[in-house]
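Colleague: Could you take me through the aromatic ring pairs in this one, please? I would be glad of some background on the whole chain before you get to them.

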Amino acid sequence: MGGGYVGLYTALGLQRKLKGNEASVTVIDPQPHMTYQPFLPEAAAGAIEPRHVVVPLRKTLKRCHVLTARVTRIEHATRTVEIEAPDGHHERVEYDILVVALGSVARLMPIPGLAEQGISFKTIGEAIYLRNHVMAKLDAAATTRDPELRRKLLTFTFVGGGFAGIEALAELEDMARFATRYYNELEPTDLRWVLVEAAGRILPEVRESLGVYTVLQLEKRGIEVYLSTLAKSFENGHVVLSDGTEFDSDTIVWTAGVKSNPVLATSDLPLDERGRLKATATLQVDGMPDVWTAGDNAAVPDLSRIAEDPNALCAPNAQHAVRQANVMAANIVAVLRDRQPKDYFHKNVGSVASLGLHKGVADVYNIKAKGFVAWGMHRGYHVARVPTFNRKFRVVADWLLSGLLRREVISMGQINNPRAEFDRVSRG
Ligand SMILES: Cc1cc2nc3c(=O)[nH]c(=O)nc-3n(C[C@H](O)[C@H](O)[C@H](O)COP(=O)(O)OP(=O)(O)OC[C@H]3O[C@@H](n4cnc5c(N)ncnc54)[C@H](O)[C@@H]3O)c2cc1C
């Protein structure tokens, strides 16, 4: 279940290792593709063509059965899962061995206006929407005669200073600032970008000094960073912060953390207090050797930190997801062939983040890097990691093209309402 990082890499491992008569593998996901999430900010900013940051499941998993459907219930007692197909009908799928790789969803909070005004940043649809949305706001601001509305249209608020929020904010700000050169009516300083973070620092994945460096870089670009600050309200696009700051913003991006997939709550599988599946170091669900799990929806012991903290768990990131998936595929094949599964062990190697074109921050293998070098490391690392040669080639080609011809700053906002023109014509 799930064809994201864990689902795709596990299925790839199984189709490579298993002989045709040993088992049949079914992958269930409502999306027909895996999304390489670390490239979403660059897809939103126009450095990479959005189609190239997703990997088609049917084309890649030729020896697996791909089912485009959403899992709605899991009943391990009868070894069945209930799925909802795209046409809306429900049916039950039986299994012998289950792999739970349903990932995470945005962690929402009861903040007035959030559900109506906010958008998260986890899917390719959201990345495309946000790019078109930001460009559409520039177009609207360039034509309005109302100064208050103009200010609201040009104010972009991001809540949450983890990877997703910082990279999305930095890449989109870079793109929008570049785009203003094509608008006689707009100056880069007319745009207001705001980051709100509840903790006292950003990017907890890198060392504190790099988090501080990133804040200084963002502030140098004119981005307002509010640390140790809570968002209190977004009603009608009016943002209220816990330190009393208030302003209007037509764009509110919510990247303040994730929680385990809520479908798990419908199951008879053991969950921890945060809704994640309780897993063993071999990536089996506690007390259920035929159920395997990894990635954002699993509480997997982090054996590399167990000496300092006996309850240490692997962080929900791609670094663990990919490696866990590879170990899980090998373990499933081992158990099928009556061999012992191995424990998952991985020591965090650090992180890289892009902060826009030629800008970045990296903390890998105890090497700290900033600026152009870190940006190069970010691109090198992720192109090596994105699945399939086809996607690596297309992404590198996109980078070369935007390097040669400069980035594309076209708004395709029409795709959000493709029937509007037809409706207008049909009404006469
Ligand atoms: C913008 C962004 C940038 C990131 N950058 C980094 C980074 O630089 N480095 C890093 O280490 N990590 C990064 N991450 C985190 C990383 O992408 C995740 O940790 C990783 O994707 C987890 O893999 P997963 O397989 O558990 O979940 P996912 O990859 O999210 O896969 C879950 C899959 O389950 C499917 N699914 C959901 N519900 C159902 C259902 N009911 N039935 C069937 N299928 C379902 C989904 O469609 C999806 O395909 C980033 C995340 C984001 C959002």
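Modeller: Happy to, and I'll begin with charge: in this predicted model, the protein chain carries 51 positive and 49 negative side chains, and the centres of those two sets are 7 Å apart. The accessible surface comes to about 20,500 Å², with 54% of it belonging to carbon and sulfur atoms. Of the 428 residues, 51% count as buried. As for the overall build, the chain has 12 helices and 25 strands, and its C-alpha atoms fill a box of roughly 70 × 60 × 45 Å along the principal axes. A compact globule of 428 residues would have a radius of gyration near 22 Å, and the 23 Å of this chain agrees with that. Among contacts with a separation of 6 or more, 66% are between residues 24 or more positions apart.

Now to the rings you asked about. The count comes to nine aromatic pairs. One of them joins phenylalanine 178 and tyrosine 182: the ring centres are 6.0 Å apart and the planes meet at 75°, and since an angle over 60 degrees counts as edge-to-face, that is what this pair is. Its two partners differ in cover, because phenylalanine 178 has a relative accessible area of 11% and is buried, whereas tyrosine 182 has 52% and is exposed.

Another pair is formed by phenylalanine 372 and tryptophan 375, and this one is tilted, with 5.4 Å from centre to centre and 40° between the planes. Both residues belong to helix α10, which covers residues 371–385; they are three residues apart, about one turn of the helix. Here phenylalanine 372 is exposed, at 53% relative accessibility, while tryptophan 375 is buried, at 9%. There is also a cluster to look for: ring pairs link Tyr5, Tyr36, Phe39 and Trp399.

While you have the model open, a spot without an aromatic ring is worth a visit too. Valine 71 sits in strand β5, residues 70–75, and its relative accessibility is 6%, so it counts as buried. Leaving aside residues up to four places away in sequence, valine 71 touches Met1, Ile28, Val81, Glu82, Ile83 and Val263. Arginine 276 lies 205 residues from valine 71 in sequence, and their C-alpha atoms are 16 Å apart in space.

Note on methods:
Residues numbered from 1 in each chain as written. Predicted model: local features only at pLDDT ≥ 70, side-chain atom pairs only at ≥ 80, totals over all residues. Heavy atoms only, no water. Helix = DSSP H or I, 4+ residues; strand = E, 2+ residues; numbered from the N terminus. Rg over C-alpha atoms; globule rule 2.2 N^0.38 Å. Buried < 20%, exposed > 50% of the residue type's maximum accessible area, 1.4 Å probe, protein only. Contact = heavy atoms within 4.5 Å. Areas by Shrake-Rupley, 256 points an atom, 1.4 Å probe, with all protein chains shown as cover. Lys, Arg positive; Asp, Glu negative; His and termini not counted. Charge placed at Lys NZ, Arg CZ, Asp CG, Glu CD. Phe/Tyr/Trp six-rings, centres within 6.5 Å; stacked < 30°, edge-to-face > 60°.
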